[in-house]
Amino acid sequence: MRMITLSHVVYALITLSVIVVMLLKRGVVIPSLIGTFLIGWIYKGDLISGFKAVYNANLTAAKELFTIFLIITFMVALLASLRDIGADRRMIKPIQKLMLNGHVAYIVLAGVTYVISIFFWPTPAVPLIGALLIPAAVRAGLPAMGAAMAIAIAGQGMALSSDYVMQVAPMLSAKGAGIGTAAVADKAMILSLITGGVALTGAYLMNRKAIRKPEITSAETSNNVQAIRTGQSISEFPEAAAAVETLSPSIIRWSKVFAVLVPLSMLAVMAVMVASKLGHEGMSGFEGGDGAAFIGGVAVILLILSCTLFSKVQALDKISDHLTEGFVFAFKAMGPVIPIAGFFFLGNADFSKSILSLGEGVKAPAILFDLVMSVQHFIPSSSILTSFGLLIMGIIAGLEGSGFSGLPLTGSLSGALAPAVGMDPSTLAAIGQMGSVWSGGGTLIAWSSLVAVAGFAGVSAIELARKNFLPVIIGLSVSTIVAVVIW
């Protein structure tokens, strides 16, 4: 039996309060900060240590997660530079011609959304897809709700839950569990494909009877376009289209080049990463931060080229604007995660020593692990129950509307629970990641980025969340069972 101190009790109570606040659909930054302060004060026995712990926890989390901020910044900045020369719209415009009917449109919409979202994240990708592809899909006969479900499940669900290229989500899960990123990323990729495959199939069956022939009246076209224009940020696109029309012939030519170069570059990056994982000779590994560094470096070079071709000498200043836009987006998306991660890092022996400013030779406390070990005899030694428990915890953690803020919690619990049930912590971390991102990332709750998808499709966000619920939950359940069976 592990010795439980007042620090352990307070940590457990704060963790429970974080879960309760998540259930109430509120932010958990304040409970996390207060909890860090109290643990620092109680563990060291003086008030000053509490203040220091709050700062150290946030600093530790920021240092560990800054690579995430950089990769988001570079990818968003690249997308902004492509917008300047019209290459972003040109990249996907030819895909409109593939939408021969509603059935094909559903598959194309899901596939394109997945590919773009896995490289650029769904949030910046949705306006592009929504403005150009949803109208084409609706004209082809796909109902607006079917289009919205395809985008939400493929982008906010399947692509974001694996986050295989940028590896933000698996890195957060792995840091919390105290394990390597690569194992979580690989398993999350498999689970996301299973969940997404089941959910997309279910969503298609739900909308199949509503798919009509690709004939649409002018009145319906007008209504659909008007509905799409009610979406968030859609006002950017008429101006963007007008800006493209005023570009010089030289820039238009480069726009066509980059519309091909960027997708090919990203696919080449993915091919190299996959080849390295398969043990191809001469290929160095791209594990965790190395993979992010590779894709980030490619994005930076493309960003420089795009800015230089569009702005010439002014590129020296223009690139700063795009990087600033990228950093602002990154901090808006990930900023609240830092104090939350700091609190859960405090429960991990890998980070608690620096957070609590412990001297050399002093053993770092593993508060969360001690808590789990102290109640081990109450935990059913069932891998299936534990796995579904982590899945449910992840879904609860995502209720506050950010799919990533719950990952430090599910990751930490995975690392602590895995030895008690004889499972690999990376498996539990991947399952928890599925629950958190599919829930808060934008498929199951209407107060998440699902609002943007609904706005572009001209449907109710609440109705979209309700329609997504059954296929997504079935998909998550199937992938969890598969994870237990094969791992």
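In this predicted model, the largest nonpolar core holds 146 residues, and the members that touch the most others are I72, L109, V168, M334 and F404. V168 is a helpful place to start exploring this core. Leaving aside neighbours within four places in sequence, V168 is in contact with I68, I71 and I72, and also with W121, D163, M334 and F404. Three of these partners, I72, M334 and F404, appear again among the residues that touch the most other core members. Alongside this core there is a second, separate one of five residues, with A77, L303, C307 and I319 among them. As a general background, nonpolar side chains in soluble globular proteins tend to be buried together.

Attention now turns to a pair of helices. Two packed helices are described by the angle between their axes and by the distance between those axes. Helix α3, spanning residues 47–84, packs against helix α15, spanning residues 315–334, at an angle of about 130 degrees, and their axes lie 7 Å apart. This angle makes α3 oblique to α15, and the crossing of the two is right-handed. Where α3 meets α15, the contact is made up of 15 nonpolar residues, together with four polar and four charged ones.

A final stop is M273, a residue of helix α13, which covers residues 249–277. Is M273 buried or exposed? M273 counts as buried, because its relative accessibility is 1%, while the cut-off for burial is under 20%. Along the chain, M273 and I295 are 22 residues apart, and their C-alpha atoms are separated by 9.6 Å.

Definitions and conventions
Residues numbered from 1 in each chain as written. Predicted model: local features only at pLDDT ≥ 70, side-chain atom pairs only at ≥ 80, totals over all residues. Heavy atoms only, no water. Axes fitted to C-alpha atoms, helices over the stretch in contact; angles between N-to-C directions. Helix = DSSP H or I, 4+ residues; strand = E, 2+ residues; numbered from the N terminus. Parallel < 35°, antiparallel > 145°, perpendicular 65-115°, else oblique. Left-handed = near helix turned anticlockwise from the far one by under 90°. Nonpolar A, V, L, I, M, F, W, Y, C, P; charged D, E, K, R; others polar. Core = buried A, V, L, I, M, F, W, Y, C linked by side-chain atoms within 4.5 Å. Buried < 20%, exposed > 50% of the residue type's maximum accessible area, 1.4 Å probe, protein only. Contact = heavy atoms within 4.5 Å.
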